[in-house]
Amino acid sequence: MTPEAITAALSRLAPALTPGGATIDALSRLSTGASLETWSFLVRGPSGATRLVLRRRERGERGDGAFTNSIPLRDEAALLSAAAAAGVPVARLVRACQPEDGLGEAVIVSHVDGETRGRRLATDERFATIRPTLAAQCGRILARIHAMPVPATAALATYDAAAEIARYETIYHRLDGASPILELGFRMLTRRAPPCPNPVVLHGDFRNGNLMIDAAHGIVAVLDWELSHRGDPAEDLGWLCVNSWRFGAVERPVGGFGDYADLLGAYEAEAGRAVPFGAVLFWQAVGTLKWAVMCMMMVAAHRSGEAPSLERLMIGRRRSEAELDLVTLLEGLA
Amino acid sequence: MNGDPSATEILAAIADWLDAQAKQMAGRDAYFARVAVNALGIVGRELAMSVGGSANANAALCAALRAGTIDETTPGLFGDLKALARHQIAIDQPHYRSPTLLNLETDSSHGHRSGSRDRAES
């Protein structure tokens with residue numbers, strides 16, 4: 001859809017978006033995801049202007065299943081509501097769009113002010129005061145997410161460790177992967193995959209970059225629920241600690257801002273059960289392996305013409321950072 | 001030996017020019033110009049550092065790991081794999097910081113150490 005067409009569709013919806021909403025203004029694209037678009041816009045009405053955010057996906061662009069794990073946006077909307085009810089900071093759901101809204105697969109949420117750029121959060125002086133509190137805040141929030149009931153309307157898949165690793169190994173082979181380090185990773189981690197007798201709701205992409213941070217209040221919104229599924233609680237904690245989201249602050253393993261002890265201590269206090277450090281390290285290794293495969297997927301999206309861009313091609317060259325991190329983690333497990 | 005500009009010199013000159021342009025740009029243009037400067041840097045380092053590694057040897061190592069004839073107990077495997085990884089990161093991101101095993105041991109000294117060992121030996 002063109003920006004003009006989106007503005008026209010939003011204009012028809014305006015009365016349903018804010019009380020007295022009349023006109024749409026200042027539509028601008030926030031991200032250039034391969035298929036998922038994020039737009040910011042203003043709804044103007046008698047009581048002033050309200051900034052909202054539209055997330056939409058062109059019909060049928062979720063790929064062929066093996067290359068994407070994204071849930072439909074209507075399930076993301078249901079998760080946002082459930083998360084808010086569970087005390088998880090999220091953008092407020094304004095509208096889960098219907099086909100007759102003319103926006104395709106789409107959801108509209110409130111705008112939240114804050115910083116999401118991971119490097120600034122890990123290194124900028126502006127966040128020096130709040131930074132030491134963020135790991136514990138992550139632990140509390142993750143415990144609440146993991147206690148959420150599965151929304152009745154959302155069909156979340158369940159993946160234990162073996163299934164999660166197998167999903168990415170399948171993609172790796174489809175992309176003709178030939179990396180000795182990743183091969184060793186698939187074998188070692190599959191052999192050590194723990195069972196998951198009590199799967200919980202996972203965010204699936206809880207990391208520095210998907211957290212909206214206010215310099216005074218810390219985490220004000222958990223974003224991007226599209227990779228949500230059910231599985232081992234340690235999966236979300238390990239993913240948060242993958243070195244690629246530390247933005248150079250490697251001595252602060254939790255997102256480049258905090259320590260394992262703060263994360264795990266706060267998680268245990270909120271959840272009433274501990275996640276062992278060893279489980280976090282195992283899932284950190286799985287997460288690092290997944291990031292390596294995701295880098296390969298970016299190259300594939302460029303080559304197929306689905307989303308050609310130099311940026312995606314260059315993310316392919318970040319596979320080596322994941323390999324270097326992974327080989328260290330594997331040596332620790334061996 | 002003549003004074004012709006080498007491929008790496010030409011690349012470096014283009015990167016310098018583009019870097020100067022990027023400083024005059026704003027927003028997405030500036031961002032993509034910086035991505036392009038980084039890309040040229042990778043190409044330059046690859047030209048300068050390539051050791052002509054054999055694709056066949058790499059494929060054979062992958063096949064052996066997949067088949068299990070080589071695994072984490074094979075002497076020297078981790079040393080070889082770390083050398084591979086360090087060579088590639090020197091091309092792709094020479095300033096990338098990766099935690100060492102020592103970092104992990106230090107991190108794990110927050111009272112969660114035993115869990116790590118339990119898991120590693122299961």
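1. A:Ala26 counts as exposed because 11 other C-beta atoms lie within 10 Å, where a residue is called exposed at 12 or fewer such neighbours, buried at 20 or more and partly exposed in between, with C-beta atoms placed from the backbone. The residue is found in strand 1 (residues 23-32) of chain A, and although A:Ala26 is not a glycine, its phi is positive, at about 60 degrees. Strands here are DSSP runs of E with at least two residues, and helices are runs of H or I with at least four, both numbered from the N terminus.

2. This is a predicted model, in which local features need pLDDT of at least 70 and side-chain atom pairs count only at pLDDT 80 or more, while totals for chains, interfaces and linings use all residues. Residues are numbered from 1 along each chain as its sequence is written, and chains are lettered from A, with ligands numbered from 1, in the order in which they are written.

3. A second positive phi in a residue other than glycine belongs to A:Asp224, where the angle is near 55 degrees. A:Asp224 sits in the loop between strand 8 (218-222) and strand 9 (229-231) of chain A, and this residue counts as buried because it has 22 C-beta neighbours inside 10 Å.

4. On overall form, chain A has eleven helices and nine strands, and its C-alpha atoms fill a box of roughly 65 × 45 × 40 Å along the principal axes. The radius of gyration of chain A is 20 Å, which agrees with the value near 20 Å for a compact globule of 334 residues; the radius is taken over C-alpha atoms, and the globule rule is 2.2 Å times the number of residues to the power 0.38. Buried residues make up 49% of the 334 residues in chain A. Of the contacts in chain A with a separation of 6 or more, 69% join residues 24 or more positions apart, a contact being two residues whose C-beta atoms, placed from the backbone, lie within 7 Å.

5. Chain A is divided into domain 1 (3-110) and domain 2 (118-333), with bounds that come from an automatic or database domain assignment. The C-alpha centres of these two domains of chain A lie 25 Å apart, and 20 residues of domain 1 are in contact with 24 residues of domain 2. Helix 2 (residues 73-85) of chain A gives the most to the domain 1 side, with seven residues. By class, that side of domain 1 has 15 nonpolar, three polar and two charged residues; Ala, Val, Leu, Ile, Met, Phe, Trp, Tyr, Cys and Pro count as nonpolar, Asp, Glu, Lys and Arg as charged, and the others, Gly among them, as polar.

6. The largest nonpolar core has 107 residues, and those touching the most other members are A:Val222, A:Leu237, A:Leu263, A:Val280, A:Ala285, A:Leu289 and A:Leu326. Such a core is a set of buried Ala, Val, Leu, Ile, Met, Phe, Trp, Tyr and Cys residues joined through C-beta atoms within 7 Å. Helix 9 (residues 277-303) of chain A supplies the largest share of this core, 17 residues. Leaving out residues up to four places away in sequence, A:Leu289 touches A:Tyr168, A:Leu182, A:Gly185, A:Leu189 and A:Leu326.

7. Helix 9 of chain A has 27 residues and reaches 39 Å from its first C-alpha to its last, close to the 39 Å expected at 1.5 Å a residue, the expected span being 1.5 Å times one less than the number of residues. This helix of chain A is mostly covered, with 23 of its 27 residues buried, and it is followed by A:Gly305, whose phi is positive, near 85 degrees.

8. Between the chains, 39 residues of chain A are in contact with 45 residues of chain B. Helix 11 of chain A gives the most to the chain A side, with eleven residues, and the residues of that side divide into 22 nonpolar, six polar and eleven charged. A:Thr328 lies in helix 11 of chain A and counts as buried because it has 22 C-beta neighbours inside 10 Å. Apart from neighbours within four places in sequence, A:Thr328 is in contact with B:Ser98, B:Pro99, B:Thr100 and B:Leu101. The C-alpha atoms of A:Thr328 and A:Ala285 are separated by 9.2 Å, with their positions 43 residues apart along the chain.

9. Chain B is assigned domain 1 (1-50) and domain 2 (52-108), and five residues of its domain 1 are in contact with four residues of its domain 2.
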